[in-house]
Amino acid sequence: MSCMGAFMVVKNKANITIADVAKKAGVSKTTISRYLNGKFEFMSDESKSRIQEVIEELNFRPNKLARSLKSSKSRLIGVLISDISNPFFSILVQGISDTCNQHGYHVLVANTNNATAKEQEYILSMIDQRVEGFIVNTTGFNTEFLREIEDNYVPIVLADRPVFSDTFDTVKSDDQQATMDIIHYLAAKGFSRVGFFSEPILNVGTRIIRQQTYRQACKEILRIEPQEYEVGVKEKEKAQRFAREFVSRNEGYKKVIFTANGLTMLTMLEAIHALGLRMPEDVAICGFENWPWMEFVGSSGITAISLPSYEIGVECVNRIMLRLEATTKIKPVTIKLPTKLNIRGSTE
């Protein structure tokens, strides 16, 4: 992502630019821009002192006209996505973009790849580009940082991933209800052993909620101990080992792999195929996120929960616009949107 900053440069005889100052000070252009705007909250005293020395040494002066632009509206909304390779987020961004356009706004999109540092870096960079609000699918490890941004800069709405704080508006799918619904269905179909397969839970709010609700369903509906497995999407051998372990452990029972998202579903389907297991005879499978290809896998498709990806994007923008137009403080809310269970042959 480029970092434009809020200042243009009045070039002296040496044609000094922000990039020159940043290079000599050993910091990023974003840091220089933030210094010039008086935003020192995330800057050490050492960095401030060094930047000031370089500015004086190079006789660098910002353009006062550019500074006045800071008070104008950019009509930009910053959007941070944890993993743009996941189709869920592509549709989410489409909902955000379409709705922003209806309000006369444009979006700046960044993919954090679930990296905490990148999340902070992109947010600070977008602030320098004068975004008026953020929609964040957060890593889950920047809650205090996000609170500082909302308190001192612009409103934030969390998309899909909650942080279990009453500080932010949050728009998400109703994961609790969806999990209970699918476990009720599986129990009615005679499945007495359900394994929960997920990417590493870490501090991702959505994964935590789905895991906790699965545990609740095991206790209240299935009357069994939870069986949980965490596997990364690139851990092919581990996925096969877990699939083999789950099937062997539950021999003689009607069993099903329940995946926490579409990427884990794909990982476990590859493992099932590599092991030569039959669906649903040897092991059934179902899970969150109804990707288009799931309808055509196996003899009659994969049972999956459709998530309101586009609608989440729409509601996120609606909350941002509400906050931008408000003249008084608005209490944060959590909006849960309904899901849909698509029953197919993988659990019959």
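Here are some questions and answers about this predicted model.

Q: Which residues of H2 are buried, and is the helix enclosed or open?
A: Start with the count: six of the eight residues of helix H2 (residues 29-36) are buried, so the helix is largely enclosed by the rest of the structure. The cover over those residues includes helix H1 (18-25), helix H3 (45-58) and helix H6 (116-128). The buried residues are Thr30, Ile32, Ser33, Arg34, Tyr35 and Leu36.

Q: Which residue with a positive phi follows H2?
A: Look just past the end of the helix, where phi takes a value near 75 degrees. The residue there is Gly38.

Q: Which exposed residues sit on the face of H7 turned away from its buried side?
A: First find the buried side of helix H7 (residues 143-152): Thr143, Phe145, Leu146, Ile149 and Glu150. Seen down the helix axis, these fall within an arc of 160 degrees, so they line one face. General helix geometry helps here: an α-helix has 3.6 residues a turn, so residues three or four places apart point the same way. On the face turned away from the buried side of H7, the exposed residues are Glu144 and Asp151.

Q: What covers the buried residues of H7?
A: Both a helix and strands take part in the cover. It includes H6, strand S3 (133-136) and strand S4 (156-159).

Q: Which strand pairs with S10 in the antiparallel sense?
A: Strand S9 (residues 284-288) can be ruled out, since it runs parallel to S10 and is joined to it by three bridges; there, Cys286 stands opposite Thr303. The antiparallel pairing also has three bridges, and one residue pair in it is Ser306 with Lys340. The partner is strand S12 (residues 340-342).

Q: In S10, which residues point the other way from Thr303 and Ile305, and are they buried or exposed?
A: Strand S10 (residues 303-306) sends Thr303 and Ile305 one way. The two pointing the other way are Ala304 and Ser306, and like the first pair they are buried.

Q: Which residues does Ile221 contact, leaving aside its neighbours within four places in sequence?
A: Ile221 has its place in helix H9 (residues 205-222). Its C-alpha atom is 7.5 Å from that of Ala187, though the two residues are 34 apart along the chain. With the sequence neighbours set aside, the contacts are Met180, Ile183, His184 and Ala187.

Q: Which helix supplies the largest share of the lining of the largest pocket?
A: The largest pocket has a volume of about 470 Å³ and a lining of 25 residues, with Asp83, Asn114, Glu199, Arg207 and Leu263 nearest its centre. Helix H5 (87-102) and H9 each give the lining at least two residues. The largest share is three residues, and the helix is H9.

Q: How many residues in the lining of the largest pocket are charged?
A: Sort the lining by type: nine residues are nonpolar and seven are polar. The charged ones number nine.

Q: How many charged residues are in the lining of the largest cavity?
A: The structure holds one cavity of 30 Å³ or more, and the volume of the largest is about 30 Å³. Its lining is made up of Asn114, Thr139, Phe141, Leu202 and Val204. Three of these are nonpolar and two are polar, and the number charged is no residues.

Key
Residues are numbered from 1 along each chain as its sequence is written. This is a predicted model: local features need pLDDT of at least 70, side-chain atom pairs count only at pLDDT 80 or more; totals for chains, interfaces and linings use all residues. Side-chain values use heavy atoms; hydrogens and water are left out. Buried means under 20% relative accessible area, exposed over 50%, partly exposed in between (1.4 Å probe, protein chains only). Helices (H or I, at least four residues) and strands (E, at least two) are DSSP runs, numbered from the N terminus. Two strands pair if DSSP finds at least two bridges between them. On a 1 Å grid over the protein atoms alone, a cavity is a set of points where a 1.4 Å probe fits but cannot get out, and a pocket is an open set with protein on both sides within 12 Å along at least five of seven lines; lining residues have an atom within 4 Å of a point. Grid points are joined across faces, edges and corners, and a volume is the space filled by probe spheres set on the points. Ala, Val, Leu, Ile, Met, Phe, Trp, Tyr, Cys and Pro count as nonpolar, Asp, Glu, Lys and Arg as charged, and the others, Gly among them, as polar. Contact means heavy atoms within 4.5 Å. The arc is that of the directions from the helix axis to the C-beta atoms.
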